[in-house]
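Below are some notes for a colleague who has not seen this structure before. Please read them with the model open.

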Amino acid sequence: MVVGTTRKGPPKDQAVRETLEDYTLRFAPRSYRRWKPSVVATTALGGIAYLADFSIGAGIGLSYGTLNALVAILVAAVIIFVTGLPLAYYGARYNIDLDLITRGSGFGYYGSVLTSVIFGSFTFIFFATEGAIMAQGLKVGLGVPLWLGYLITTLIVVPLVIYGMKALSKLQVWTTPLWLLLMVGPIGYLVIVDPGSVSSWLAFTGSDASGLNAASVMLGAGVALSLMAQIGEQIDYLRFMPPRTAANKRSWWASMLVAGPGWVVFGAVKQATGAFLAFFIMGVAGAAATEPVQQFMGIYELFMPVWLAIPLAVVLVVLSQVKINVTNAYSGSLTWTNSFSRITKRYPGRIVFVLLNLLVALVLMEANMFAFLNSVLSFYANCAIAWVVTVATDILINKYVLKLSPKEPEFRRGMLYAVNPVGVVAFLASAIISIAMYFGAFGATIQPYSPIAAVVIAAVLTPLMAVVTRGRYYLRRTDDGIAEPRFDAEGTPVATTYTCDVCQQDFERPDVLASAQPDTLICSLCLTTDRTGTHVLPAT
């Protein structure tokens, strides 16, 4: 056992570096987590200000009718909430992001690179979607050409994303009241002055003029379920929650629930609202009825002059898109850095991947991805569902029911097997089979049910694989070589600091372990970038 040098005081001053990097590959230490639960929750919820929900709801509603759209949105919301709850709890309780959770929840140290690619793709797909909406607003309000609007919406977020949580928390907290006023006020006015529009909307049958049917519901739910990976972005903020104590227990749980799985409640309301607004302006806007800027302009013009309605609609669109796209860029930089560092054993810094993620998103915008948004999201949904359901099932069933997966999360190199067949097999089977269904490989009759198939396959195979493997591929080692436990008796991460003998920096207990070199401690990042493998502990 290596005891190491411990200290109960604050770590050395590395504020500049860690402010820029924001604990990209690591456990978020208690010394950095100074925000109240409510502030963390408000910051996390700022990320759901996006307007793509309005476009998604509008597309579903116009295609399948109001009744089918509402049922589809509800089905998707229930699935997203149930699967998001264990993930959000783990992120907030143990102060790690979804990739670190995934490593120890069925995928292994390198196996989770698969899901990092899925999540990274989510961030630039949705950055492009939201950026396109903002560019539409700039074009309508200021006459800015779309190509230039795409460039503006990309560059505007760079200064904010670079400084991570400290800058983003201020942005989200201070802009939320204005955003709520601009969004909720006009919609409330419309319902009050024209209640008949709601009745007409509820009777709308869509382009296929059919009543409630399972195929339409599942097709609509498939589009909405593409947002399942949003829980990863919520956790990127929730990992900064303070320790849960007797004093803050109520606010901690409320903040975790509202800002974690609870994001989908707000998302579902926005999707339903988008379906309503698209129906309301359909006769005037035509094909543009799915564009949020057109939807809100249509409402604003009901009770204010055009010269004021257009600027306010533009302000709402720009404010909403900045709030979400700083989150998309931030989360994308975390996940791409994570994958690159594990594969190459090099750590170029998070900022490199901020710029790379934005570049990919800009290319997608210039390629007019918004025009085929629902098709992209329907395909992507199967991959996102397979991943999230697999990890959620591992936590709920394999950890707490079967007890084959270790409850305390593990993410450090050397402690985990490179690949755990439990999660990898369940994920690949769920994704491949459901995608084949989506493209009609098993016939048109069951084609609409590919999202539900993804859920069922992942939920069944994950515990089945754990039983078949008897949980042997979760932990490569059970002892990290340090006498002090990583978690206290209540399960809270221990805050004792240890000095890494490689980088000479101090890190809290969950982020360090013994090196294979005698009498040496090493932090998780130095171990990640150890290209020779001389510090990796042997298997036991």
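1. The nonpolar patch. On the surface of this predicted model, a nonpolar patch of about 900 Å² is formed by Leu74, Val78, Phe81, Val82, Leu85, Trp253, Leu257, Val258, Val265, Phe266 and Val269. Three elements each give two or more residues to the patch: helix H4 (66–94), helix H13 (249–259) and helix H14 (263–285). H4 provides the largest share, 5 residues.

2. One member of the patch. Leu257 belongs to helix H13. Is Leu257 buried or exposed? Neither label fits, because its relative accessible area is 33%, and values between 20% and 50% count as partly exposed.

3. Helix H4. This helix has 29 residues. From its first C-alpha to its last, H4 reaches 41 Å, close to the 42 Å expected at 1.5 Å a residue. Even so, H4 carries a kink of about 35° at Gly84, shortly before the proline Pro86. After H4 comes Asn95, with a positive phi near 60°.

4. Positive phi in loops. Most residues other than glycine have a negative phi. Lys345 is not a glycine, yet its phi is positive, near 65°. It sits in the loop between helix H16 (306–344) and helix H17 (350–366). Lys403, also not a glycine, has a positive phi of about 60°. The loop that holds Lys403 runs between helix H18 (373–399) and helix H19 (421–438).

5. Exposure of these two lysines. Which label, buried or exposed, applies to Lys345? Lys345 counts as buried, because its relative accessibility is 14% and the cut-off for buried is under 20%. Lys403 is exposed, because its relative accessible area of 56% falls in the range over 50%.

6. The chain as a whole. The secondary structure consists of 21 helices and 5 strands. Of the 540 residues in the chain, 60% are buried. Among contacts with a separation of 6 or more, 81% are between residues 24 or more positions apart. The accessible surface of the chain is about 19700 Å², and carbon and sulfur atoms account for 70% of that surface.

7. Points to check in the viewer. Start with the kink at Gly84 in H4, then look at the patch residues that include Phe81, Val82 and Leu85. After that, compare the surroundings of Lys345, which is buried, with those of Lys403, which is exposed.

Note on methods
Residues are numbered from 1 along each chain as its sequence is written. This is a predicted model: local features need pLDDT of at least 70, side-chain atom pairs count only at pLDDT 80 or more; totals for chains, interfaces and linings use all residues. Side-chain values use heavy atoms; hydrogens and water are left out. Patches are made of residues with over 30% relative accessible area and no salt bridge: like charges are joined within 9 Å, nonpolar side chains (Val, Leu, Ile, Met, Phe, Trp, Tyr) within 5 Å. Accessible areas come from the Shrake-Rupley method with a 1.4 Å probe; for residues, only the protein chains shown count as cover. A salt bridge is a side-chain nitrogen of Lys or Arg within 4 Å of a carboxyl oxygen of Asp or Glu. Helices (H or I, at least four residues) and strands (E, at least two) are DSSP runs, numbered from the N terminus. Buried means under 20% relative accessible area, exposed over 50%, partly exposed in between (1.4 Å probe, protein chains only). Contact means heavy atoms within 4.5 Å. The expected span of a helix is 1.5 Å times one less than its number of residues. The bend at a residue is the angle between axes fitted to the seven residues ending there and the seven starting there.
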